Amino acid sequence: MKIKKVYLGTHQIRPEHQEVTNYFPEMNSNTQDGFTATASTLYSGYYPYYAFYNYTGTTTPERVFHSTQINAWNTAYSMIQCPNSIQPTKIKIASRVADSRVNQRPIRAFTLQGSNDWTNFTDIITQTWLQDSRWSYITSNVLEWSITNSSKYTYFKLVVTANSNYVAFNYWNIDWII
């Protein structure tokens, strides 16, 4: 069977019920290609779109998601508004790229949430107590988790938990079905 390639913006669309990888574009601003990135408080000089930029260790300052001192529950979030509602099938989170701070501020737990109105969010997947051994600090290590939720959402929020007052990671993305 031949798959017809169709493009929507920068994304290749396949026939109905075909999985597509990395839905979010590699962003260079908080608003790009119909997507809008927002976040909870970030460390000075860091921007919400950094959570959607695959930092390779070649720019200064590093382009990673980096929260400021976070709340009593040690949580922060990265959120994105998509131009269309999609059904997520997998989430990917990349660890911080190797540098002098490689072992600092890893994610200890996360919850991916979805919404269609920016207000009422549904938990899609939760992972708790991620050990340091799950992350590779030599290069950016991408961890993946399958999603069984069959609903479509326009807004996605990644709520991350740190083991200290800050959290940092390279980027996150989802695979999806149209």
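Select Tyr-23 and Asn-173 to begin: the backbone nitrogen of Tyr-23 lies 3.1 Å from a polar atom of the side chain of Asn-173. Add Phe-24, whose backbone nitrogen is reached by the side chain of Asn-173 at 3.0 Å. A polar contact here is a pair of N or O atoms within 3.5 Å; within protein, one must be able to donate a hydrogen and the other to accept it, and residues adjacent in sequence count only if both atoms are side-chain atoms.

Before continuing, note that this is a predicted model, in which local features need pLDDT of at least 70 and side-chain atom pairs count only at pLDDT 80 or more, while totals for chains, interfaces and linings use all residues. Residues are numbered from 1 along each chain as its sequence is written, and side-chain values use heavy atoms, with hydrogens and water left out.

**Around Asn-173**

Display strand 13 (residues 171-177), where Asn-173 is found. Helices (H or I, at least four residues) and strands (E, at least two) are DSSP runs, numbered from the N terminus. Is Asn-173 buried or exposed? Asn-173 is buried, with a relative accessible area of 7%. Buried means under 20% relative accessible area, exposed over 50%, and partly exposed in between (1.4 Å probe, protein chains only).

Next, show what surrounds this residue. Leaving aside neighbours within four places in sequence, Asn-173 is in contact (heavy atoms within 4.5 Å) with Asn-22, Tyr-23, Phe-24, Lys-90, Ile-91 and Lys-92.

**Across to strand 7**

Select Lys-90, which lies in strand 7. The C-alpha atoms of Lys-90 and Asn-173 are separated by 8.4 Å, although these residues are 83 apart along the chain. Beyond its neighbours within four places in sequence, Lys-90 also has contacts with Glu-144, Trp-145, Ser-146, Ile-147, Ile-174 and Asp-175.

Now add strand 10 (142-146). Strands 7 and 10 run antiparallel and are joined by 5 bridges; two strands pair if DSSP finds at least two bridges between them. Lys-92 stands opposite Glu-144 in strand 10. Which side chains of strand 10 point to the buried face? Leu-143 and Trp-145 point to one face and are buried, while Val-142, Glu-144 and Ser-146 point to the other and are not.

**The aromatic pairs**

Colour the rings of Phe, Tyr and Trp. The structure holds 15 aromatic pairs. Rings (for Trp, the six-membered ring) pair if their centres lie within 6.5 Å; planes under 30 degrees apart count as stacked, over 60 as edge-to-face and the rest as tilted.

Return to Tyr-23 and add Trp-176. The ring centres of Tyr-23 and Trp-176 are 4.5 Å apart and their planes stand at 65 degrees, so the pair is edge-to-face. This pair links distant parts of the chain, with Tyr-23 in the loop between strand 3 (19-20) and strand 4 and Trp-176 in strand 13, 153 residues apart. Both Tyr-23 and Trp-176 are buried.

Select Phe-24 together with Phe-35 for another edge-to-face pair, 6.3 Å centre to centre with 75 degrees between the planes. Phe-24 is in the loop between strand 3 and strand 4, and Phe-35 is in strand 5, 11 residues apart. Phe-24 is buried, with a relative accessible area of 3%; Phe-35 counts as buried at 0% relative accessibility. Ring pairs link Tyr-23, Phe-24, Phe-35, Phe-52, Tyr-153, Phe-156, Trp-172 and Trp-176 into a cluster.

**The nonpolar core**

A nonpolar core is a set of buried Ala, Val, Leu, Ile, Met, Phe, Trp, Tyr and Cys residues joined through side-chain atoms within 4.5 Å. The largest has 37 residues, and those with the most contacts inside it are Phe-24, Ile-91, Phe-156 and Trp-172. The elements that give two or more residues to this core include strand 5 (35-39), strand 7 (75-94) and strand 13. Strand 7 gives the most, with 6 residues. Centre the view on Trp-172: among the residues in contact with Trp-172 are Phe-24, Ala-51, Ile-91, Leu-112 and Phe-156.

**Two loop residues**

Select Asp-33, in the loop between strand 4 (31-32) and strand 5. Phi of Asp-33 is near 55 degrees, a positive value in a residue other than glycine, and Asp-33 is partly exposed, with a relative accessible area of 43%. Then move to Trp-118, in the loop between strand 8 and strand 9. Phi of Trp-118 is near 70 degrees, again positive in a residue other than glycine, and Trp-118 is partly exposed at 33%.

**Confidence**

Finally, colour the chain by pLDDT, the predictor's confidence in each residue, from 0 to 100. The mean pLDDT of the chain is 75, and 63% of its residues reach 70 or more. Over residues 1-15 pLDDT stays under 50.
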